[in-house]
Amino acid sequence: MKIQSISSLSCEQLCAHIQWSQGDEYSIVIEKFKINQISGDDFVKFEQADYEALKLPWKLQRKLKEIQKSGNVPNSSPTPGVSNTPITTTRVPNSSPTPGVSNTPITTTRETPETRRDINQLKNQINDLAGSIALLRVQINNKNPINNFSSLPPSSREKITNPSPQSRTIPIVDPTKRVDGTAVPRISNEIPSLINATSLQNLPRGRGRPVPLSSTCDGPNDNVVFSQVYDESKNSIAILPNIPHPYDTSSYGEYLVTIFDESGEREVVKSLVHVNPPESIVLPRKFVIKTPLGELIEGSFELFYHNKRVYQGPVTQGCADLPQNFLDGTYEIKIKPNLVSLSPLTFKMIVYNSERTASSDQYVNRNNKNPDEMDFVLVWGETPRDLDSHIWCIHPNGNIDHVYFLDKEIGDMSLDHDVIKGFGPETIRFKRLKGCKYVYAVHRYSFDGEIAQSDAKLTICNKGLTLFQRRIPNTKKIGATFWVVCIIDGTSGDITFKDDFEFHNNFKGNDIALKYR
């Protein structure tokens, strides 16, 4: 006998089928089905409200709905009580010298009432223990709302509290009311997305300030969490995914985010969102490779996937073309300039959903072996056209040196050149002096765009290696003139990132150095 219909399965048979077809990841489903004694007939009638009542993770719901829709059990599924293996019998010759008499002794044991009682008691204890374990595992797997705003780095708190003018409002896609074909909005961790709060309930109104909210999420990666802030003055909730491992492609995909009030007790809204990787780490179809002075290089490059080289090619006049088809995953790229005065460059990028960007500019470092010498390489977008690198050195006696476009070299600090037509790069090189403190900032000289939307990126290098890359927070800071990036300890080399904005225009003076000394 072979069972063909899911609706004919008992609870035990349905759970066995799910275990066999989906594996241990679905143990929480099996436990909840057993606790609620859900049979195949119950399962095929499931609606979204039933999934929600069981609090099943969203990433598991999708596969269960596929099983539910199919309506059938494959013939190879080992459902209890149904044998799919043919039974064969083999006649064994009797080796007994006396016909009809076996040489193997046969023993029998009579089951007493006391034995049956003990066995039944043991079975009941095992069943009780299994139920307790199942309930405990269900409780562990049910996520509680969290409010992680206070644990965010200052730059992320700034981004979500004052969303960028480039932030866009996304639709609410409630899975319980979703119509087939409804597009799930795509978001990233570069800038917050906005949810219109007009019709939402349980929001903390009347506070006069942005209020962080709690949330839970279900999706492909349990390490990804979401932060959200309600701003009554803007009638919106800003939402931002926090991705601890951006080069792990399992971080991206469809998540069900449920937003609660700040206490985590009352639900505000739930919606599906699709988290995409930031374009800055997506493998392009072409690299444009330059020196810190913006000169195009000659050389070669290699791509590695799971530590195996999958492609190599030339770099000609700064251009490195890549094939169209790559598998999803993480790639390591190695760029080797021909000039010995330039260091090889190694970095990571990813392919997700076979999507690629058109082009990516990369900058190789100068081959500097001095452990105390550092390069600060600034690049940015088309506007503002004129951003300037500034560095101040505060000496132990209180004297302050200031290197920028009007004073390009003082002692061991120098600026290579002043770019006034957008993009950069501008490179400041300096040798750390013991007992000194350094402050690095970027000034908006031209007023043809906001500095917070300049897409500025700072790369910090030492001994030809990239130590840090820092992007300007894309936030609403209208009229800001300075991005104060970091403070450097001249003795230890420790770097403290600030990501602060200033609104004065005293680019010739030492106000910033005195404030952050």
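**Close-up views of a predicted protein model**

**Figure 1. A helix carries a pair of charged residues, Lys63 and Glu66, in this predicted model.** Both residues belong to helix H5, which covers residues 58-70, and they stand 3 residues apart, about one turn of the helix. Their side chains form a salt bridge, with 3.0 Å from N to O. Side chains of opposite charge can pair when their charged atoms come close. Lys63 is partly exposed, at 31% relative accessibility, and Glu66 is also partly exposed, at 49%.

**Figure 2. Lys290 and Asp361 join two strands through a salt bridge.** The side chains of Lys290 and Asp361 meet with an N to O distance of 3.7 Å. Lys290 lies in strand E8 (residues 286-290) and Asp361 in strand E14 (residues 360-363), so this pair ties together parts that are 71 residues apart in sequence. Lys290 has a relative accessible area of 18% and is therefore buried, the limit being under 20%. Asp361, with a relative accessible area of 37%, is partly exposed.

**Figure 3. Arg432 and Asp372 form a salt bridge between two loops.** The closest N and O atoms of Arg432 and Asp372 are 3.2 Å apart. Arg432 is found in the loop between strand E20 (426-431) and strand E21 (437-444), whereas Asp372 is in the loop between E14 and strand E15 (373-379), so the pair ties together parts that are 60 residues apart in sequence. Arg432 is buried, with a relative accessible area of 14%. Asp372 is partly exposed, with a relative accessible area of 30%.

**Figure 4. Four charged residues are linked in a network of salt bridges.** The members of this network are Arg366, Glu373, Asp375 and Arg429. For the model as a whole, the count of salt bridges comes to 18.

**Figure 5. Tyr305, a residue of strand E9, has a buried position.** Strand E9 comprises residues 299-305. The relative accessible area of Tyr305 is 17%; the residue is classed as buried because this value is under 20%. A polar atom of the Tyr305 side chain lies 2.8 Å from the backbone oxygen of Asp328. Apart from residues up to four places away in sequence, Tyr305 touches Val310, Leu327, Asp328, Gly329, Thr330 and Tyr331. The C-alpha atoms of Tyr305 and Glu332 are separated by 6.7 Å, although these residues are 27 residues apart along the chain.

**Figure 6. Thr481 is a buried residue in a loop.** The loop that holds Thr481 runs between strand E23 (465-471) and strand E24 (482-489). With a relative accessible area of 2%, Thr481 counts as buried. The side chain of Thr481 reaches the backbone oxygen of His504 at 2.3 Å. When neighbours within four places in sequence are left aside, Thr481 is in contact with Val442, His443, Arg444, Phe447, Ile451, Glu502, Phe503, His504 and Asn505.

**Figure 7. The whole chain gives the setting for the close-up views.** The protein chain contains 8 helices and 25 strands. Of its 517 residues, 47% are buried. Among contacts between residues at least 6 apart in sequence, 67% join residues at least 24 apart. The chain exposes about 26,900 Å², of which carbon and sulfur atoms supply 49%.

Methods
Residues numbered from 1 in each chain as written. Predicted model: local features only at pLDDT ≥ 70, side-chain atom pairs only at ≥ 80, totals over all residues. Heavy atoms only, no water. Helix = DSSP H or I, 4+ residues; strand = E, 2+ residues; numbered from the N terminus. Buried < 20%, exposed > 50% of the residue type's maximum accessible area, 1.4 Å probe, protein only. Contact = heavy atoms within 4.5 Å. Areas by Shrake-Rupley, 256 points an atom, 1.4 Å probe, with all protein chains shown as cover. Polar contact = N/O pair within 3.5 Å; in protein donor to acceptor, adjacent residues only side chain to side chain.
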